[in-house]
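This report describes the packing of a pair of helices and the setting in which they lie. The chain is shown below.

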Amino acid sequence: MTEISTSEKLQAKRDERTRKLWEDPFYADFPHLYREINIPNSCMAYGCTIGDGWKPLIYDLCTQLVQLDAGVVFDQIKEKFGGLRVYYSFDKTSTGQKPTDSQVEQVKTLVEETIGKADATCETCGAAGTLRETKRGWLFNSCDSCAEKKGV
Ligand SMILES: [Zn+2]
């Protein structure tokens with residue numbers, strides 16, 4: 001009995017978190033790209049684990065990907081070693097076709113461009129930033145002002 005109610009509570013928490021993610025236009029505007037958010041054990045279940053400074057870059061990427069209609073689905077978007085990581089796979093396009101080689105290539109280019117922009121952008125506030133390292137060896141991308149606030 002106790003076990004069931006614990007798992008029910010967990011499920012309720014998950015549902016609540018997913019609902020909140022979907023209220024955010026950042027996700028809601030691109031339901032196809034972010035549909036893995038609905039899968040509890042997927043890496044997308046927590047949404048994009050990046051700072052607000054990079055979210056406009058991802059939003060632009062999403063806009064371009066939707067226009068390209070290559071059937072992209074995000075598997076994971078996160079920060080690692082101070083850089084942006086974008087993992088995705090391909091599903092069918094809106095017309096039920098497989099993406100063409102040219103579309104696949106264009107997606108790769110768009111994602112690489114976005115990662116390049118993130119490398120020059122403060123993950124916290126979106127100003128011009130550079131890769132920095134804390135005394136403990138933690139890598140992060142930041143502008144001077146945000147680095148100062150963090151005491152690095
Ligand atoms: Zn900043």
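In this predicted model, the face of α3 turned away from its buried side carries the exposed residues T63 and Q67. The buried residues of α3 are L57, I58, L61, C62 and L65. They cover an arc of only 140° around the axis, and therefore lie on the same side of α3. Such a pattern has a general basis: an α-helix has 3.6 residues a turn, so residues three or four places apart point the same way. The cover over the buried residues of α3 includes β1 and α4. After α3 comes D69, which has a positive phi, near 50°.

Helix α4 also has a buried side. Its buried residues are V107, T114 and A118. These cover an arc of only 40° around the axis, which places them on the same side of α4. Exposed residues occupy the other side of α4, namely D101, S102, E105, K108, T109, E112 and G116. The buried residues of α4 pack against α3 (55-68), β1 (72-80), β2 (83-90) and β4 (139-142).

The lengths of the two helices can be set beside the values expected at 1.5 Å a residue.

| Helix | Residues | End-to-end C-alpha span | Expected span |
|---|---|---|---|
| α3 | 14 residues | 20 Å | 20 Å |
| α4 | 18 residues | 26 Å | 26 Å |

How do the axes of α3 and α4 cross? They come within 10 Å and cross at roughly 170°. Because angles over 145 degrees count as roughly antiparallel, α3 is roughly antiparallel to α4. On the α3 side, the contact is made by L57, I58, L61, Q64, L65 and L68. On the α4 side, Q103, Q106, V107, L110, V111, T114, K117 and A118 take part. By class, this contact of α3 with α4 comprises nine nonpolar, four polar and one charged residues.

The wider setting is a chain with five helices and four strands, arranged along the sequence in the pattern α-α-α-β-β-α-β-β-α. The C-alpha trace of the chain spans about 50 × 45 × 25 Å along its principal axes. The chain has 152 residues, of which 22% count as buried. Among contacts between residues at least 6 apart in sequence, 53% join residues at least 24 apart.

Technical notes: Residues are numbered from 1 along each chain as its sequence is written. This is a predicted model: local features need pLDDT of at least 70, side-chain atom pairs count only at pLDDT 80 or more; totals for chains, interfaces and linings use all residues. Helices (H or I, at least four residues) and strands (E, at least two) are DSSP runs, numbered from the N terminus. The expected span of a helix is 1.5 Å times one less than its number of residues. A residue is buried if 20 or more other C-beta atoms lie within 10 Å of its own, exposed if 12 or fewer, and partly exposed in between; C-beta atoms are placed from the backbone. The arc is that of the directions from the helix axis to the C-beta atoms. Two residues are in contact if their C-beta atoms, placed from the backbone, lie within 7 Å. Axes are lines fitted to C-alpha atoms, for helices over the stretch in contact, and angles run from 0 to 180 degrees between N-to-C directions. Angles under 35 degrees count as roughly parallel, over 145 as roughly antiparallel, 65 to 115 as roughly perpendicular and the rest as oblique. Ala, Val, Leu, Ile, Met, Phe, Trp, Tyr, Cys and Pro count as nonpolar, Asp, Glu, Lys and Arg as charged, and the others, Gly among them, as polar.
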